[in-house]
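Good morning, and thank you for making time for this. I would like to take you through one protein structure, beginning with its charged contacts and ending with its overall make-up.

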Amino acid sequence: MKRLTIFAMLLRLLVGMFLGFLLIDCDKSSGNEPDLNDDDFNSLPCSVGSIDEARLISTCEGCEGVLEFPGPDINHIDTLPGFDDAEIKLKVTGKVYKSGGTEPACGVVLYIYHTNKDGVYPTKGDETGWGQRHGYLRGWIKTNEEGEYTFYTLKPGNYDGPAHIHPIIFEPNGKYYWIDDYWFADDPLVTKEEIESLGGLGGGGNVLELIQEGELSVGYRDIELGKNVPGYE
């Protein structure tokens with residue numbers, strides 16, 4: 001009888017402890033940490049901005065192309081169409097920094113598009129949106145935790161001035177805008193006067209000094225968000 005009494009007391013003690021743990025756990029999750037919705041996810045590190053909250057900074061025709069990125073899971077590395085068969089294969093890489101130029105900016109979408117080697121924005125006929133104007137030589141990259149980006153593509157040809165690659169920025173906060181085009185230092189049309197005419201949008205450094213690494217012509221450019229962009233705050 002005595003053994004049964006002791007067993008019953010131990011059983012009640014264990015049940016009480018178990019119920020106590022349940023109450024503590026419920027109290028911890030009783031509203032102090034609300035469920036995440038879509039807007040909350042957009043504020044997480046390296047999440048892209050919400051297209052619904054996108055706002056154009058300054059003026060730009062065709063900047064909406066940056067909002068046509070295929071989804072939030074885009075990578076910090078992209079290869080554009082035509083790269084494998086290109087006569088001159090480019091690798092363009094660098095880092096994107098927050099305003100001030102010291103802290104890496106993750107989750108920034110970089111949209112790039114350019115002509116083919118003949119200076120034409122080529123289309124296949126099935127393009128949609130701004131692809132009908134920009135052609136199919138375009139891509140989207142999302143910077144990683146270190147602010148890094150890289151894209152592989154062919155070297156564009158000249159038309160109406162220096163050969164160039166158009167870059168457009170879409171920040172996680174919804175701001176989107178264009179920065180100075182990528183130019184090439186070995187282009188005879190890139191003169192001192194042309195360089196001085198630029199506004200330094202994105203922090204300058206847009207004239208790529210290409211370095212040959214195997215079959216790749218490699219150029220480096222770092223970008224500072226909002227730098228010298230009119231209307232940026």
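The salt bridges come first, and the count for this structure is 6. Please keep in mind throughout that the model is a predicted one.

Let me begin with E61, which pairs with R133 in a salt bridge whose closest N and O atoms are 3.0 Å apart. Where do the two partners, E61 and R133, lie? E61 belongs to the loop between β1 (55-56) and β2 (77-79), whereas R133 is part of helix α3 (residues 131-134), so this salt bridge ties together parts that are 72 residues apart in sequence. Is E61 buried or exposed? With a relative accessible area of 60%, above the 50% cut-off, E61 is exposed.

Two further salt bridges deserve mention. K98 is joined to E103, and here the closest N and O atoms are 3.2 Å apart. Both partners count as partly exposed: K98 has a relative accessibility of 38%, and E103 has one of 44%. The other salt bridge is between K117 and D118, with 3.6 Å separating the closest N and O atoms. D118 counts as exposed, at 54% relative accessibility.

Lysine also appears in another setting, over aromatic rings. The charged end of K175 sits over the ring of Y232, at 4.1 Å from the ring centre. Similarly, K124 lies over the face of Y136, and there the distance to the ring centre is 4.7 Å.

That brings me to the rings themselves. How many aromatic pairs does a search of the whole structure find? The search gives 9. One of them is formed by F151 and Y182; the arrangement is edge-to-face, with 5.7 Å from centre to centre and 80° between the planes. This pair links distant parts of the chain, F151 being in strand β6 (residues 148-154) and Y182 in the loop between β8 (175-178) and β9 (183-184), 31 residues apart. F151 and Y182 are both buried. Elsewhere, ring pairs join Y111, Y113, Y121, W140 and Y159 into a cluster.

I turn now to the cysteines. The structure contains 1 disulfide, formed by C60 and C63, with their sulfur atoms 1.8 Å apart. What is the handedness of this disulfide? The torsion about the S-S bond is about 85°, so the disulfide is right-handed. C63 has 0% relative accessibility and therefore counts as buried. Two other cysteines may be set beside C63. C46, with a relative accessible area of 13%, is buried, while C106, at 21%, counts as partly exposed. The cut-off for buried is under 20%, which is why C106 at 21% does not count as buried.

Finally, the protein as a whole. Its secondary structure consists of 4 helices and 13 strands. Of its 233 residues, 42% are buried. The accessible surface is about 13400 Å², and carbon and sulfur atoms account for 53% of that area. Among contacts with a separation of 6 or more, 71% are between residues 24 or more positions apart. The E61 and R133 salt bridge, whose partners are 72 residues apart in sequence, and the F151 and Y182 ring pair, whose partners are 31 residues apart, each join parts of the chain at such a separation.

Thank you for your attention.

Methods. Residues are numbered from 1 along each chain as its sequence is written. This is a predicted model: local features need pLDDT of at least 70, side-chain atom pairs count only at pLDDT 80 or more; totals for chains, interfaces and linings use all residues. Side-chain values use heavy atoms; hydrogens and water are left out. A disulfide is a pair of cysteine sulfur atoms within 2.5 Å. Buried means under 20% relative accessible area, exposed over 50%, partly exposed in between (1.4 Å probe, protein chains only). Rings of Phe, Tyr and Trp (its six-membered ring) pair if their centres lie within 6.5 Å; planes under 30 degrees apart count as stacked, over 60 as edge-to-face and the rest as tilted. Helices (H or I, at least four residues) and strands (E, at least two) are DSSP runs, numbered from the N terminus. A charge sits over a ring if NZ of Lys or CZ of Arg is within 6 Å of the ring centre and within 35 degrees of the ring normal. Contact means heavy atoms within 4.5 Å. Accessible areas come from the Shrake-Rupley method with a 1.4 Å probe; for residues, only the protein chains shown count as cover. A salt bridge is a side-chain nitrogen of Lys or Arg within 4 Å of a carboxyl oxygen of Asp or Glu.
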